[in-house]
Amino acid sequence: MRMANFRSSYGARRLALGVLFAILLGFFLLPQQLQALFQEIGGPVGWALSWPIRLVASVQDGIGETWSHYVALQDVEDENQQLRKELELLQGQNSQLREAASATDRLTALLEFKAQALPTMIAAQVIGRDAGNWHRTILLNKGSADGIQADMGVVTSVGVVGRVVKTTMATAVVLLVSDPNNAIAGLIQRTRDEGIVEGTTPGLARLKYIPLLSNVRAGDRVVTSGLVGGFPRGLAIGTITTIGKEEGALFQSAELRPEVDVNRVEEVLVIQSPYIPGEDGKSDEPLPKAKL
């Protein structure tokens, strides 16, 4: 008899635990359905049981909404990363297009200058630069195999860059107009006084041997005289900024601001022949003035 009671009590506990587990499981899995069920049942028991179910349903709704926001934020972050990659790609392409447009403008100016000047000019690119304390030079990607020799003048569409001082088969070294060791025959365009242009230590230029009686003044432009060296007449060298007169000196001198920014030159023309042959093939004629 005691054994039967014990089995009956054990079975009742298992049934009660099973019902409780089913209710708890329903709380978490089907809170809204249980809530509706208890509301239909009504009464104090249904009212009492509906409150925890409402709480569980509210928590589930909050978790679901938070999860939805999290998923949406993940999508937004992925989209932002993709947009950033596309922006970087477009910025790179924009930079390349700007560079190509700049190179096109420079090459167009060189071609126009070459068309109005001599056909015996060789276009070259700057592939190296030496701005040391001793010499200011640039290295070109063409040399003696292309017909370039020492002492040939080097220009851009703006004006004089320098002259060739050394060549190899495939390269040429150009001593810049701003180097103190350079010397180019110059002419003051307004007064027609001649002199020698050489570079200065600060990287500018100076016109020396100006006659004492010359009325040269700041703002006068200096061009190549075409008398000596590898340049035709009329190519812009620079603009006079200051005049120097030393007591007892036989000549005046003037500081120049070079016409070409030699630190930013990328393409140049090397002048193979500074003179245009005449009809008899012997006379020489100065080149047209550079386009400024």
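# Briefing: a predicted model with a six-stranded barrel

Strand 2, residues 136-140, is largely enclosed by the rest of the structure, because four of its five residues are buried. The model described here is predicted. Its chain contains three helices and 14 strands, and 33% of the 292 residues count as buried. Of the contacts between residues at least 6 apart in sequence, 56% join residues at least 24 apart.

**Barrel and strand pairing**

- Six strands form a closed barrel in the order 6-7-8-11-10-9, and their pairing is antiparallel. From one strand to the next, the twist averages 40°.
- Within this barrel, strand 9 (residues 221-224) and strand 10 (residues 236-244) run antiparallel and are joined by three bridges. Arg-221 has Thr-239 of strand 10 standing opposite.
- Strand 2 is joined to strand 5 by four bridges, and these two strands also run antiparallel. Leu-140 has Ala-172, in strand 5, as its bridge partner.
- As general background, side chains in a regular strand alternate between the two faces of the sheet.

**The loop between strand 5 and strand 6**

- Asp-179 is placed in the loop that connects strand 5 (172-176) with strand 6 (184-188). Ser-178 is found in this loop as well.
- Asp-179 is buried but has no salt bridge. Arg-136 provides the nearest side chain of opposite charge, at 5.2 Å, whereas a salt bridge requires the nitrogen and the carboxyl oxygen to be within 4 Å.
- The side chain of Asp-179 does reach a backbone atom, namely the nitrogen of Asn-181, at 2.7 Å.
- Ser-178 has a relative accessible area of 2% and is therefore buried.
- Beyond its neighbours within four places in sequence, Ser-178 is in contact with Arg-136, Gly-199, Thr-200, Gly-203, Leu-204 and Val-262. Arg-136 thus appears both among the contacts of Ser-178 and as the nearest oppositely charged side chain to Asp-179.

**Salt bridges centred on Glu-198**

- Seven salt bridges are counted in the model.
- Glu-198 forms a salt bridge with Arg-206, with an N to O distance of 3.5 Å. Glu-198 also meets Lys-208 in a salt bridge, with an N to O distance of 3.5 Å.
- The pair of Lys-208 and Glu-198 links distant parts of the chain: Lys-208 belongs to strand 8 (residues 205-211) and Glu-198 to strand 7 (residues 194-199), ten residues apart.
- Glu-198 counts as buried because its relative accessibility is 18%, under the 20% limit for that class.
- The two basic partners fall in the next class: Arg-206 is partly exposed, with a relative accessible area of 25%, and Lys-208 counts as partly exposed at 24% relative accessibility.

**The salt bridge between Glu-259 and Arg-221**

- Glu-259 and Arg-221 form a salt bridge in which the closest N and O atoms are 2.8 Å apart.
- This pair also links distant parts of the chain, since Glu-259 lies in the loop between strand 11 (251-258) and strand 12 (267-271) and Arg-221 lies in strand 9, 38 residues apart.
- Both residues are partly exposed: Glu-259 has a relative accessibility of 26%, and Arg-221 has one of 25%.
- Elsewhere, Glu-198, Arg-206, Lys-208 and Glu-255 are joined into one network by salt bridges that share partners.

**Surroundings of Val-155**

- Val-155 lies in strand 3, which spans residues 153-155. With a relative accessibility of 0%, Val-155 counts as buried.
- Not counting residues up to four places away in sequence, Val-155 touches Phe-113, Val-160, Val-161, Phe-231, Leu-235, Val-268, Leu-269 and Ile-271.
- The C-alpha atoms of Val-155 and Val-270 are separated by 6.5 Å, although the two residues stand 115 residues apart along the chain.

Conventions. Residues are numbered from 1 along each chain as its sequence is written. This is a predicted model: local features need pLDDT of at least 70, side-chain atom pairs count only at pLDDT 80 or more; totals for chains, interfaces and linings use all residues. Side-chain values use heavy atoms; hydrogens and water are left out. Two strands pair if DSSP finds at least two bridges between them. Axes are lines fitted to C-alpha atoms, for helices over the stretch in contact, and angles run from 0 to 180 degrees between N-to-C directions. Buried means under 20% relative accessible area, exposed over 50%, partly exposed in between (1.4 Å probe, protein chains only). Lys and Arg count as positive and Asp and Glu as negative; His and the chain ends are not counted. A polar contact is a pair of N or O atoms within 3.5 Å; within protein, one must be able to donate a hydrogen and the other to accept it, and residues adjacent in sequence count only if both atoms are side-chain atoms. Contact means heavy atoms within 4.5 Å.
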